[in-house]
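Reader: Got a minute to walk me through a fold? Show it to me first.

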Amino acid sequence: MQSATPAAPPIAPLPAPVRPDPVRDRWAAPMRLAIAEAALAPATGDVPVGALVLGPGGEVIGRGHNEREAVGDPTAHAEVVAIRQAAEQVGEWRLSGCTLVVTLEPCTMCAGAIVLSRIDRVVYGALDEKAGAAGSLFDVMRDRRLNHRPEVIWGVLADECGEQLREFFDTHR
Ligand SMILES: [Zn+2]
């Protein structure tokens with residue numbers, strides 16, 4: 001007995017191949033923590049940006065989210081909050097050997113604070129084409145005229161970081 005051959009299911013468009021990116025992939029886990037930190041900001045009407053400072057061994061020694069509205073402080077960007085906490089934890093202002101992970105490209109102030117803290121590496125997610133000082137509008141941290149220049153790794157989970165911001169602006173502005 002011959003049964004009718006069932007019609008083949010339509011072929012769904014295949015997802016784009018995921019290419020391994022060893023430089024960025026190794027920072028995905030801490031970036032997820034920074035995204036979780038950023039998610040705390042909207043409770044006070046603050047733009048969701050989150051940052052972590054990792055010690056030389058990869059341990060979290062500082063974390064912060066944007067809290068400008070919460071504390072009424074124009075300098076209370078996620079990076080500055082995290083850097084202050086890390087310096088307190090370490091017991092001095094020099095954060096040599098540390099890595100700062102942040103969901104959005106740092107602004108000029110934060111790029112300046114990063115250089116001054118001697119942080120050795122900056123990992124960020126979304127580009128900030130309007131105010132970014134780590135490659136977009138300025139490139140403060142890699143300016144050859146400066147003595148201390150951290151390594152910069154950009155675009156880690158950039159889509160997720162950008163989406164978190166877009167969602168905030170869609171609902172709050
Ligand atoms: Zn900033």
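Author: What follows is a quick tour, from the overall make-up down to single residues.

Reader: Where do the coordinates come from?
Author: This is a predicted model.

Reader: OK. How many helices and strands in the protein chain?
Author: The protein chain has six helices and five strands. Starting at the N terminus, the order is α-α-β-β-α-α-β-α-β-β-α.

Reader: And the radius of gyration, against the globule rule?
Author: The radius of gyration is 20 Å, whereas the globule rule gives 16 Å for 173 residues. The chain is well over that value, so it is more spread out than a compact globule.

Reader: What box do the C-alpha atoms fill?
Author: Roughly 85 × 35 × 30 Å, along the principal axes.

Reader: What share of the residues is buried?
Author: Buried residues are 36% of the 173.

Reader: And contacts between residues 24 or more positions apart? What percentage do they make up?
Author: They account for 56% of the contacts with a separation of 6 or more.

Reader: Now the sheet. What is the strand order?
Author: The order is 2-1-3-4-5, in an open sheet with mixed pairing. Strand 2 (60-65) and strand 5 (151-153) are the edge strands, each pairing on one side only.

Reader: How far are neighbouring strands turned against each other?
Author: By 15° on average, with direction ignored.

Reader: Take strands 3 and 4. Parallel or antiparallel?
Author: Parallel. Strand 3 covers residues 99-104, strand 4 covers residues 121-126, and five bridges join them. For one partner pair, take Thr99: Arg121 in strand 4 is its bridge partner.

Reader: Which strands does helix 2 touch?
Author: Helix 2 (residues 28-38) packs on the sheet and touches strand 1 (50-54), strand 2, strand 3 and strand 4. The direction of helix 2 makes about 135° with that of strand 1.

Reader: Pick a residue in helix 2. Is Ala36 buried or partly exposed?
Author: Ala36 is found in helix 2. Ala36 has 14 other C-beta atoms within 10 Å, and burial takes 20 or more, so Ala36 counts as partly exposed.

Reader: How far is Ala36 from Glu59?
Author: In space, 16 Å from C-alpha to C-alpha. In sequence, Ala36 and Glu59 are 23 residues apart.

Reader: Switching to helix packing. At what angle do helices 4 and 5 pack?
Author: About 20°, with the axes 9 Å apart. Angles under 35 degrees count as roughly parallel, so helix 4 is roughly parallel to helix 5. Helix 4 spans residues 78-90 and helix 5 spans residues 108-117.

Reader: Is the crossing left-handed or right-handed?
Author: Left-handed.

Reader: Which residues meet there?
Author: Helix 4 brings Glu79, Val80, Ile83 and Ala87. Helix 5 brings Cys110, Ala113, Ile114 and Ser117.

Reader: Backbone check. Which residue other than glycine has a positive phi of about 65°?
Author: Arg118. Most residues other than glycine have a negative phi. Arg118 sits in the loop between helix 5 and strand 4. With 15 C-beta neighbours inside 10 Å, Arg118 is partly exposed.

Reader: And Leu157, what is its phi?
Author: Near 50°, again positive in a residue other than glycine. Leu157 is in the loop between strand 5 and helix 6 (158-172).

Reader: Is Leu157 buried or exposed?
Author: Buried. Leu157 has 24 other C-beta atoms within 10 Å, and the cut-off is 20 or more, so Leu157 qualifies.

Note on methods
Residues numbered from 1 in each chain as written. Predicted model: local features only at pLDDT ≥ 70, side-chain atom pairs only at ≥ 80, totals over all residues. Pairing = 2+ DSSP bridges. Helix = DSSP H or I, 4+ residues; strand = E, 2+ residues; numbered from the N terminus. Axes fitted to C-alpha atoms, helices over the stretch in contact; angles between N-to-C directions. Contact = placed C-beta atoms within 7 Å. Rg over C-alpha atoms; globule rule 2.2 N^0.38 Å. Buried ≥ 20, exposed ≤ 12 C-beta atoms within 10 Å, placed from the backbone. Parallel < 35°, antiparallel > 145°, perpendicular 65-115°, else oblique. Left-handed = near helix turned anticlockwise from the far one by under 90°.
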